[in-house]
Amino acid sequence: MFINYFKTAWRNLVNNKIYSALNILGLATGMGVALMIALWVYYQLSYDRFLPGYQQAYSVKLKTDNNGIISVNGSTPLPLAGAIKQNVPGLKYVSQPNWIGGHLLMNGDKKIFQTGAIEDNNFLKIFQYPFLEGNSNTALQDPYSIVLTESTAKALFGNEDAMNQSVRFDNYHDLKVTGILKDLPANSTLQFNFIVPFNYAVQNFSWVKENLSNWRNNSFETFVALEPNVSYARVEPALRELEKQYNPEDYKINHAEVMLQPLKDWHLYSDYRDGVAGGFIDYVRMFSIIGLLVLIIACINFMNLSTARSQKRAKEVGIRKSAGAHRSNLVYQFLVEAIFTAFIAFLFALLFVALVLPAFNSLTKSNISIPYHNIFFWLIIAGYVLITGLLAGSRPAFYLSSFNPVKVLKGTFHPGKTASLSRKILVVLQFSCSIALIISTVIVYQQIEYAKERPAGYNANLLVSTDISGSLQQNYEPLKNEMLQSGMVTSVTKSSSPVTDIWGNQRIDNWEGKLPGESLALSTVAVSDADYFKTMGMQIINGRNFTGSLGADSLTVVLNEAAVKRMRYKQPLNQIITWHDVPQHVKVIGIVKDAIMASPFADAEPTIFAYVPDWSNVITYRLSPTVNAQQAIAKLTRIFNKYNPAYPYEYHFVDESYAAKFDFETLIGKLSGLFASLAIFISCLGLFGLAAYLAEQRTKEIGIRKVLGASVPEVWMLLSKEFVVLVLLSCVIASPVAYYYLHNWLQQYDYRITINLFVFIGAGVAAIIITIITISFQAIKAARANPVKSLRSE
């Protein structure tokens with residue numbers, strides 16, 4: 001019997017090629033989009049889950065409460081790891097790593113600049129990255145050892161075995177290769193190319209040694225692994241009390257509590273707002289909903305086209321019922337037809353995904369692939385096709401099987417208003433989803449453009465930055481002089497962080513107007529000379545700049561407008577501030593205009609600029625506008641190589657770094673636009689099919705109207721107005737729903753647009769225009785048909 005069902009389904013597809021093509025194309029597009037999004041969602045959910053024992057791995061965070069402002073930060077003090085080991089039972093491993101950024105690795109003439117980490121022995125036991133050579137027990141025991149990833153080892157040693165070879169680290173020490181790790185996959189939150197033992201840092205980095213017992217410097221990370229049968233709830237009470245016990249002075253102010261975040265949540269829940277974890281998971285949910293909506297839109301197409309053609313199959317139903325077929329037999333038949341159609345559509349959907357996936361990976365910076373060899377994937381796909389077929393075919397199956405055979409065979413059967421009404425409801429639902437996606441795309445685009453047009457507070461044009469490495473710190477003055485003398489640059493400065501980011505913060509203990517128990521942490525930028533604000537193009541609006549003299553500037557600071565506002569100063573100049581953990585008081589000598597140094601979607605960070613020449617990580621310089629940028633970089637390469645010969649010259653254009661801040665939101669906008677376009681395309685396919693069928697059904701009516709004098713525009717209006725009314729109703733439904741969700745989405749941005757009424761009007765007008773264009777072909781074709789042909793049989 002089922003074989004006959006499939007034969008009937010195939011004949012029906014072949015005999016109705018246009019409607020079959022529309023059905024298959026619509027379903028294939030919807031299933032393809034849903035499959036693509038499902039693969040992307042699975043990829044995001046798979047982050048870090050490739051590691052054995054990931055369920056027991058956690059990062060340690062500090063949760064603070066400063067006068068009702070709750071913050072969660074992953075930076076912790078170094079001695080916290082020891083306190084956790086001593087006071088918290090149920091922990092298997094505790095590790096205190098630190099990410100050390102880019103460093104020079106050398107093997108003979110081969111030099112590479114790679115990002116690495118400082119780790120202790122327990123790190124590779126908590127995070128069980130697979131070793132190609134070596135093991136986690138011995139790899140980091142020797143302070144002068146190094147663990148490389150496979151690609152890093154190949155870059156340094158080629159096809160030669162790297163184990164037990166020497167690597168020159170930062171041109172200071174030779175480190176022995178004691179382990180080779182398999183390259184970290186793209187869906188690993190932690191990314192590094194080498195690991196240096198923590199004991200090496202203790203022996204050679206003063207900033208590590210000085211902070212071994214310092215509870216006030218939260219600049220390090222701490223990781224733990226729980227025992228297999230121990231839950232977070234069991235260790236939480238002991239963790240909470242650690243700051244109170246070991247750092248009571250700070251606890252009185254910030255009420256810090258130690259908490260854990262599981263490894264499986266790092267990627268999706270990396271952003272804490274008011275102490276509540278969130279972040280990328282919001283977009284995973286959003287695109288999951290979009291994928292489901294697009295699939296539903298495609299299924300609605302199938303339902304509408306199938307029910308609209310009910311009269312075509314009415315006699316078939318009547319004959320089958322007269323021959324003794326039960327309604328259940330007909331339901332099975334129509335459901336099999338729908339599943340068969342869904343299967344064919346899926347084959348096209350799979351082809352579509354396979355072709356588009358490389359471009360999608362490039363757009364989303366992902367590494368998604370179709371798991372052809374995974375049996376569970378095909379089981380899920382089988383369920384996916386089955387559910388889609390049942391969802392799309394359910395209403396047609398039950399509707400068509402309900403026909404009265406007597407009326408059908410007598411020729412008195414008419415679908416009636418019920419079928420038409422349900423079809424209209426589905427069209428409204430379909431276009432409501434599509435219009436909501438159009439509105440979302442426009443709002444996302446407007447929000448991105450709004451932030452891009454925001455004044456940055458500095459001039460990024462021709463501004464270039466280079467991270468300080470090797471000999472650049474000690475050779476800074478001659479390097480700066482030669483750069484200026486070359487005529488390639490107009491100004492040079494160095495600082496603790498680039499102008500597009502802030503790498504440090506400092507707690508302020510006392511200032512005039514401080515409230516009882518109030519704590520304040522200001523983003524901190526250390527500058528080394530009087531040229532910082534000039535080089536960046538930042539404007540001092542009150543007071544004066546630094547003089548460049550250590551004696552005169554070491555006890556002075558410059559605040560930005562946001563810091564003045566946060567400290568509630570009315571007359572900020574000459575105010576005295578006490579820095580946390582620093583015995584001296586510093587005086588405010590100037591106020592600089594706010595600059596967007598962090599997120600362009602957030603308010604400017606309250607920032608303090610201090611004169612600390614030794615605290616420098618970045619050299620920033622402005623290229624001369626009269627010199628070709630390519631020629632300037634070539635000349636600067638020779639100058640940097642002269643003063644830092646062991647390291648390659650690397651540079652970043654600040655305008656490119658600033659533009660990169662919009663990458664994520666731009667990606668969301670592009671994906672929203674892409675999926676909105678596909679949703680509209682699917683909706684239009686259904687609309688085109690419905691318009692063609694309704695025009696066919698009303699052929700004689702149109703012929704009579706034309707004989708009675710109806711013009712082409714009048715007939716066009718007759719066939720179009722019903723669809724236009726439905727789309728207008730869709731606009732009314734979609735607008736408040738879209739507003740609700742978009743308003744909530746915008747709340748995550750401090751600097752945001754106000755949703756404009758014209759966006760909804762514009763989306764509605766666009767939907768109506770698309771609708772008119774879609775149905776006009778069939779409407780005009782029907783209006784221009786010769787009435788003689790349609791009335792010949794009357």
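The protein exposes about 36,700 Å², and carbon and sulfur atoms supply 57% of this area. Accessible areas come from the Shrake-Rupley method with a 1.4 Å probe, and for residues only the protein chains shown count as cover. The model is predicted: local features need pLDDT of at least 70, side-chain atom pairs count only at pLDDT 80 or more, and totals for chains, interfaces and linings use all residues. Residues are numbered from 1 along each chain as its sequence is written, and side-chain values use heavy atoms, with hydrogens and water left out.

Of the 794 residues in the protein, 52% are buried. Buried means under 20% relative accessible area, exposed means over 50%, and partly exposed lies in between (1.4 Å probe, protein chains only). The protein has 27 helices and 25 strands. Helices (H or I, at least four residues) and strands (E, at least two) are DSSP runs, numbered from the N terminus. Contact means heavy atoms within 4.5 Å. Among contacts with a separation of 6 or more, 80% join residues 24 or more positions apart.

The largest nonpolar core holds 120 residues. A nonpolar core is a set of buried Ala, Val, Leu, Ile, Met, Phe, Trp, Tyr and Cys residues joined through side-chain atoms within 4.5 Å. I439, I443, Y458, Y532, M538, F609 and F675 touch the most other members of this largest core. M538 is in contact with G457, Y458, V499, Y532, F533, V592, A595 and F609, leaving aside its neighbours within four places in sequence. Another core, of 25 residues, lies apart from the largest one; L105, L175, F194 and F205 are among its members.

Helix α2 covers residues 17-45. Of its 29 residues, 22 are buried, so α2 is mostly covered. The expected span of a helix is 1.5 Å times one less than its number of residues. For α2 this gives 42 Å, and the end C-alpha atoms are 41 Å apart, which agrees.

A nonpolar patch of about 640 Å² lies on the surface. Its residues are L757, F758, I761, V765, I769 and I773. Patches are made of residues with over 30% relative accessible area and no salt bridge; like charges are joined within 9 Å, and nonpolar side chains (Val, Leu, Ile, Met, Phe, Trp, Tyr) within 5 Å. I773 belongs to helix α26 (residues 757-783). I773 is exposed, at 61% relative accessible area. An α-helix has 3.6 residues a turn, so residues three or four places apart point the same way.

The whole structure contains 8 salt bridges. A salt bridge is a side-chain nitrogen of Lys or Arg within 4 Å of a carboxyl oxygen of Asp or Glu. One of them pairs D174 with R168, at 3.5 Å from N to O. D174 is partly exposed at 45%, and R168 is partly exposed at 27%. Another salt bridge joins D531 and K480, at 2.8 Å from N to O. D531 lies in the loop between β18 (520-527) and α18 (532-536), and K480 in helix α17 (residues 476-485), so the pair ties together parts 51 residues apart in sequence. D531 is partly exposed, with 22% relative accessibility. K480 is buried, with 9%.

Helix α17 also carries E482, which forms a salt bridge with K642. The closest N and O atoms of this pair are 3.1 Å apart. K642 lies in helix α21 (residues 629-643), and the two residues are 160 residues apart, so the pair links distant parts of the chain. E482 is partly exposed at 22%, while K642 is exposed at 53%. Elsewhere, E236, R240 and E257 form one network through salt bridges that share partners.

K209 lies in helix α7 (residues 206-209). K209 is partly exposed, at 47% relative accessible area. Its contacts include V202 and Q203, leaving aside neighbours within four places in sequence. The C-alpha atoms of K209 and L78 are separated by 9.8 Å, although the two residues are 131 residues apart along the chain.

Two loop residues have a positive phi. Most residues other than glycine have a negative phi. Phi of N171 is near 60°. N171 sits in the loop between β8 (166-169) and β9 (173-181), and is partly exposed at 34% relative accessibility. Phi of D274 is near 55°. D274 sits in the loop between β13 (271-273) and β14 (276-278), and is exposed at 62%.
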